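Please read the following points with the model open beside them. They are written for someone who is meeting this structure for the first time, and they go from one region to the next.

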Amino acid sequence: MDIDKRQFLKIMGISGALWLGSRLAGGLSSIFGIGDKLDKKALADAGLEISKTLPSVNALKAKQWAMAIDLRKFKTQEDYQRCIKVCDKIHNIPDIPTKQEIKWIWEEPYDAAFPEQHNEYIENQLKDKPVLILCNQCEFPPCVRVCPTGATFKRKDGIVMMDYHRCIGCRYCMAACPYGSRSFNFQDPRPFIKKIDPDYPTRTKGVVEKCDFCAERLDQGQMPACVEVSNGAIIFGDLKDPNSDIRKVLSENFSIRRKPELGTQPNVFYII
Amino acid sequence: MIEKAFYGSKKYWIWILFLLALIGVCFHFYLIQFTEGLKITGMSRNVSWGLYIAQFTYMVGVAASAVMLVIPYYLHHYKTFSRIVILGEFMAIAAVTVCILFIFVDLGQPMRVMNVILYPQLHSVMFWDMTVLSGYLILNLLIGWTTLEAERKDVPPPSWVKPLIYLSVVWAISIHTVTAFLYAGLPGRPFWLSAIMAARFLASAFCAGPAILLLLAFIVKKLTSYDPGEEPVDVLSKIITYAMSANIFFLLLEVFTAFYSNIPDDINSFKYLFAGLQGHKELVPFMWTSAILGLFSLALLIPPQTRKNKTSLVIALVALVVSTWIDKGLGLVVAGFIPNPFDKVTSYTPTFPEVMIAIGVYTVGIFILTVLWKVAISVKQKAIS
């Protein structure tokens, strides 16, 4: 096919205008939220498996996931370690032995977990009792408020999640979190993972991470891993459902939360 | 006008080459950080911001301080500032650039920095800080460059600059207020959770910034015989004296509230800074140096005899800059993380590569300042002759 310079420029001009037009249309539709619907419909029309990107039909659903940790049922070191180890294992958490460590769920002594409850003469049983610490999945999370990119966000079921691909690693969320729940990958974590579990993504250097209530397991219809191995010492459920297990234990037992005075509405309760 | 930066004495070129070489050396350390990650810094899970963010905070103040020249000159038509106001505006440009670079080198994923603009989060103070800082950079570039160009052509500045100048006054206040809000709005950091934070920031900015400007102007006077005049120095040192007094007063307000209320959360960070906490005393000698130098600078600045004497003024200004730098560029950010949410102390010491990267960023700032001031002074000197 012969085309002269004039035709060539014409074609280039038209295709350029079309490209620009489509970019603008794309931009506008994403602003007005049309894009998502169109994309899903287009996927379905093309016979593509959109189910792969959606949660399983067995997915556990809730209005607000919450956890109650029954400290009375944690008796031996083994009780704590079971919960910690399973989490470390399935989430590919690196074992970095420095101040730049990564932690999702770990132990702190009672008075460190609840410093505002400071009481020198507290009962012996509680004095040095270890407490499991994890992200509180706050109803009003300061980390989400401060994040400049939306890399940390709250799902409809109340879980505060991380987008490891959007995080720029500014660590503002770590300054904002009043619970010390967040860890930053100061380095490539992969060499520090004993055995990589291919079912869960490893992270890259320069992003923040934390516990996400095993959102990936809930989406498959499974309970969070620590709950599963706790032998009933950790109760998990929908806080907004008056008939849920968690509402039952909370209504029958005395529970406390970490730093409730900060107004974050933490969703991890401790029965003491 | 930029061509003025390409004609200079041998000394000027040696200085430029020295700065470029130093930037090159420091950039090497940044490349190490870029590949290895922030693990090469002294920061940790508990003290997750360090030297970089602290320098950022300090330099926002230096940038904002240009307003201390702009207000008298443009709002009160205080014409004796005519030879120094451009130096202030151009220093603000260098300072804001340093701020932006300090944020950049602090990022774990610097290649994703545009995500802040691609996914703007209006509820994040950091988004607003980025907005006001870049706005301030553009404002000062526009205003400084246009007014200088007009002067070179011996015509009055175009009328559209006036509204921008008024805007820049408010904007200067905003950059340091929003930077204070970065800290003052966090629920779990009692040391920062203070309504007076923005006021403290502004007070320390309005003494430290002009102090740095005066010291630099003295150096320039020695090197180029460009003299901003006696009177602006006198007026600026008065401004510095008032601002430093306010700065120390505000700090004492914090100390009173913390210690008289006797609330441990409010006391702990101060204890860590000035006495040590849980056996950690890393910052204690620095903080006392800061306190003593701060009071010493006031002792020299308040009596007119020592303030008007060139030698004692220089000593006072150096003491003031060191004092405020330790307070804001070292203590304030680190102490906010100490103790951590579990009431434990994790010490923080910047590492050698971290310090080199910080020096590199500052050197970029000095480079920009050198070029801009070279242009400004060349134009001004020509206008005089």
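**Notes on the predicted model**

1. A convenient place to begin is B:Phe34, which lies in helix H1 of chain B, a helix that covers residues 10–36. Since the whole model is predicted, what is said here and below describes computed coordinates. B:Phe34 counts as partly exposed because 15 other C-beta atoms lie within 10 Å, whereas a buried residue would need 20 or more. From B:Phe34 to B:Phe270 the chain runs through 236 residues, and the C-alpha atoms of the two are separated by 34 Å.

2. Turning to chain A, the reader will find 10 helices and 10 strands. Chain A has 272 residues, of which 38% count as buried. Among the contacts in chain A with a separation of 6 or more, 63% are between residues that stand 24 or more positions apart.

3. The two chains touch one another, with 34 residues of chain B in contact with 38 residues of chain A. On the chain B side, the elements that contribute two or more residues are helix H5 (115–118) and helix H6 (125–152). Of these, H6(B) gives the most, with three residues. Sorted by class, this side of chain B has 13 nonpolar, 13 polar and eight charged residues.

4. The largest nonpolar core contains 183 residues, and those that touch the most other members are B:Met59, B:Ala63, B:Phe90, B:Ala95, B:Cys99, B:Phe102 and B:Leu320. Helix H4 of chain B, residues 85–106, gives the most to this core, with 16 residues. As for B:Leu320, if neighbours within four places in sequence are left aside, B:Leu320 is in contact with B:Cys207, B:Ala208, B:Ala211, B:Ile240, B:Met244 and B:Ser297.

5. How do H4(B) and H6(B) lie relative to each other, roughly parallel or roughly antiparallel? Their axes are 9 Å apart and the helices pack at an angle of about 150°. Because angles over 145 degrees count as roughly antiparallel, H4(B) and H6(B) are roughly antiparallel to each other. The crossing of H4(B) and H6(B) is left-handed. Among the residues that meet are B:Glu89, B:Phe90 and B:Cys99 in H4(B), and B:Tyr136, B:Asn140 and B:Ile143 in H6(B). The residues of this contact divide into 13 nonpolar, four polar and one charged.

6. One of the residues just named, B:Ile143 in helix H6 of chain B, deserves a separate look. B:Ile143 is buried, because 25 other C-beta atoms lie within 10 Å. Not counting residues up to four places away in sequence, B:Ile143 touches B:Glu89, B:Val161, B:Leu164, B:Ile165 and B:Ser168. B:Lys162 is 19 residues from B:Ile143 in sequence, and the distance between the two, C-alpha to C-alpha, is 8.7 Å.

7. Which residues of helix H3 of chain B, residues 67–75, are buried? They are B:Val67, B:Met68, B:Leu69, B:Val70 and B:Tyr73. The elements of chain B that cover these buried residues include helix H2 (51–64), H4, helix H7 (161–184), helix H8 (197–224) and helix H9 (230–261). Just after H3(B) comes B:His77, with a positive phi of about 50°.

8. Two loops of chain B should be inspected for their backbone geometry. In the loop between H8 and H9 of chain B sits B:Ser225, a residue other than glycine whose phi is positive, near 60°. B:Ser225 counts as exposed because it has 9 C-beta neighbours inside 10 Å.

9. The other loop of chain B joins helix H13 (310–336) to helix H14 (352–384), and B:Pro339 is placed in it. The peptide bond from B:Ile338 to B:Pro339 is cis, with omega near -5°. B:Asp343 is also in the loop between H13 and H14, and its phi is positive, about 60°, although B:Asp343 is not a glycine. B:Asp343 counts as partly exposed because it has 19 C-beta neighbours inside 10 Å, where 20 or more would make a residue buried.

Methods
Residues numbered from 1 in each chain as written. Chains lettered and ligands numbered in written order. Predicted model: local features only at pLDDT ≥ 70, side-chain atom pairs only at ≥ 80, totals over all residues. Contact = placed C-beta atoms within 7 Å. Helix = DSSP H or I, 4+ residues; strand = E, 2+ residues; numbered from the N terminus. Nonpolar A, V, L, I, M, F, W, Y, C, P; charged D, E, K, R; others polar. Core = buried A, V, L, I, M, F, W, Y, C linked by C-beta atoms within 7 Å. Buried ≥ 20, exposed ≤ 12 C-beta atoms within 10 Å, placed from the backbone. Axes fitted to C-alpha atoms, helices over the stretch in contact; angles between N-to-C directions. Parallel < 35°, antiparallel > 145°, perpendicular 65-115°, else oblique. Left-handed = near helix turned anticlockwise from the far one by under 90°.
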